[in-house]
Amino acid sequence: MADDNDMLAAAELSGDHPVLLGPVRLEVRFTDTELLVRVFPDEWSIDKFEDKLTRAEIDVVDAYWTALWRAGGDAAAEQAAWHELVTQIPAGRASWLLTQHEPANPADRPTAPPGTTVLVVVTPQPIAANDRQPTITYWTAIWRAHGDRAAVHAADAALLAAVGGERAKAIRARRPVGLTPVPPGATDAVIVAFLVLPPVAPARIRPRAWTRPARASLLPDRFQVIGY
């Protein structure tokens, strides 16, 4: 119960300083002689920020950037990519992660006409300039082959003739995201885009989900429970 001193202290609060009323979660349990109350700080007041990334976070962010490139500027597809991201990582953390692990080639983000499939070649470093057009030509031909073996063999032969064996092997190894499965109603309309996602430095990766306990630094000196 509140005593006279508590009431007096509340009445004498200065208007020069703000007062924060923050929510908390309560758990109560009765014993034979006591009412036990446990107070949990609310999510907003808990500091559990980690300034390093986990492997799982990196994978999820990579998937987001890939989906954003594949959207080709379509607003609904871009929104779907964001929704998928925040189902796996809280929105605040996700927004911060996107500033920490970004594509190295934002100018290459594609814009595609409606109904066009965007194939995304994802690499840790930029592809050599003289390999970009052969890559586009080859994967465009593979897409338009729609699984026809003769057309696929023709695309392979054309690539080999254009760049030679070693470069052709490297280009084929960089299989684009979106090539399979073929979406229903897919047409020959296709764009091959490049996404460069540099690897995160090992020093910026943490080995487990958390490396320090969560802290609640903005709490009152004490809680007072009044029962009726």
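This is a short tour of one structure, stop by stop, with something to select at each.

Before you start clicking, keep in mind that you are looking at a predicted model.

**Stop 1: helices 3 and 4**

Select residues 75-86 for helix 3 and residues 91-100 for helix 4. Their axes are 9 Å apart, and the two helices pack at an angle of about 115 degrees. Angles of 65 to 115 degrees count as roughly perpendicular, and helix 3 and helix 4 are therefore roughly perpendicular to each other. The crossing here is right-handed.

Now show side chains where the two helices meet. On the helix 3 side, pick W82, L85 and V86; on the helix 4 side, pick A91, A94, S95 and L98. What kinds of residues make up the contact of helix 3 with helix 4? Six are nonpolar and one is polar, with no charged residue in the set.

**Stop 2: a pair of rings at Y64 and W65**

A search of the whole structure turns up two aromatic pairs. For one of them, select Y64 and W65: the ring centres are 5.2 Å apart and the planes sit at 65 degrees, so this pair is edge-to-face. Are these two buried or exposed? Y64 has 11% relative accessibility, so it counts as buried. W65 has 10%, so it counts as buried too.

**Stop 3: the other pair, Y138 and W139**

Jump along the chain to Y138 and W139. Their ring centres are 4.8 Å apart with the planes at 70 degrees, so here again the pair is edge-to-face. Both Y138 and W139 are buried. Leave them displayed, as they come back at the next stop.

**Stop 4: helices 5 and 7**

Colour helix 5 (residues 129-145) and helix 7 (residues 165-173). Their axes come within 10 Å and cross at roughly 60 degrees, and the two helices are therefore oblique to each other. The crossing of helix 5 and helix 7 is right-handed.

Which residues make this contact? From helix 5, select N130, D131, P134, T135, Y138 and W139; from helix 7, select R167, I171 and R172. So that you can colour them by type, here is the split for the contact of helix 5 with helix 7: four nonpolar, two polar and three charged.

**Stop 5: helix 6 joins in**

Keep helix 7 on screen and add helix 6, residues 149-163. The axes of helix 6 and helix 7 come within 7 Å and cross at roughly 130 degrees, which makes helix 6 oblique to helix 7. Helix 6 passes helix 7 in a right-handed crossing.

On helix 6, select D156, L159, L160 and V163; on helix 7, select G165, R167, A168, I171 and R172. The contact of helix 6 with helix 7 breaks down into five nonpolar, one polar and three charged residues.

While helix 6 is in view, click H153, which lies in this helix. Is H153 buried or exposed? Its relative accessibility is 55%, so H153 counts as exposed. Try a distance from H153 to I142: the C-alpha atoms are 9.2 Å apart in space, and the residues are 11 apart in sequence.

**Stop 6: two backbone oddities**

Most residues other than glycine have a negative phi, and most peptide bonds are trans. The next two selections go against those habits.

Select H146, in the loop between helix 5 and helix 6. Its phi is near 50 degrees, a positive value in a residue that is not glycine. H146 is partly exposed, with a relative accessible area of 44%.

Then go to P181, in the loop between helix 7 and strand 4, the strand at 190-196. Look at the peptide bond from T180 to P181: this bond is cis, with omega near -5 degrees.

**Stop 7: Q125 and a long view**

Finish at Q125, in the loop between strand 3 (117-123) and helix 5. What does Q125 touch, leaving out residues up to four places away in sequence? Select V196 and P199 to see its contacts.

For a last distance, pick the C-alpha atoms of Q125 and L219. They are separated by 47 Å, and the two residues are 94 apart along the chain.

Note on methods: Residues are numbered from 1 along each chain as its sequence is written. This is a predicted model: local features need pLDDT of at least 70, side-chain atom pairs count only at pLDDT 80 or more; totals for chains, interfaces and linings use all residues. Side-chain values use heavy atoms; hydrogens and water are left out. Axes are lines fitted to C-alpha atoms, for helices over the stretch in contact, and angles run from 0 to 180 degrees between N-to-C directions. Helices (H or I, at least four residues) and strands (E, at least two) are DSSP runs, numbered from the N terminus. Angles under 35 degrees count as roughly parallel, over 145 as roughly antiparallel, 65 to 115 as roughly perpendicular and the rest as oblique. A crossing is left-handed if the near helix is turned anticlockwise from the far one by less than a right angle, and right-handed if clockwise. Contact means heavy atoms within 4.5 Å. Ala, Val, Leu, Ile, Met, Phe, Trp, Tyr, Cys and Pro count as nonpolar, Asp, Glu, Lys and Arg as charged, and the others, Gly among them, as polar. Rings of Phe, Tyr and Trp (its six-membered ring) pair if their centres lie within 6.5 Å; planes under 30 degrees apart count as stacked, over 60 as edge-to-face and the rest as tilted. Buried means under 20% relative accessible area, exposed over 50%, partly exposed in between (1.4 Å probe, protein chains only).
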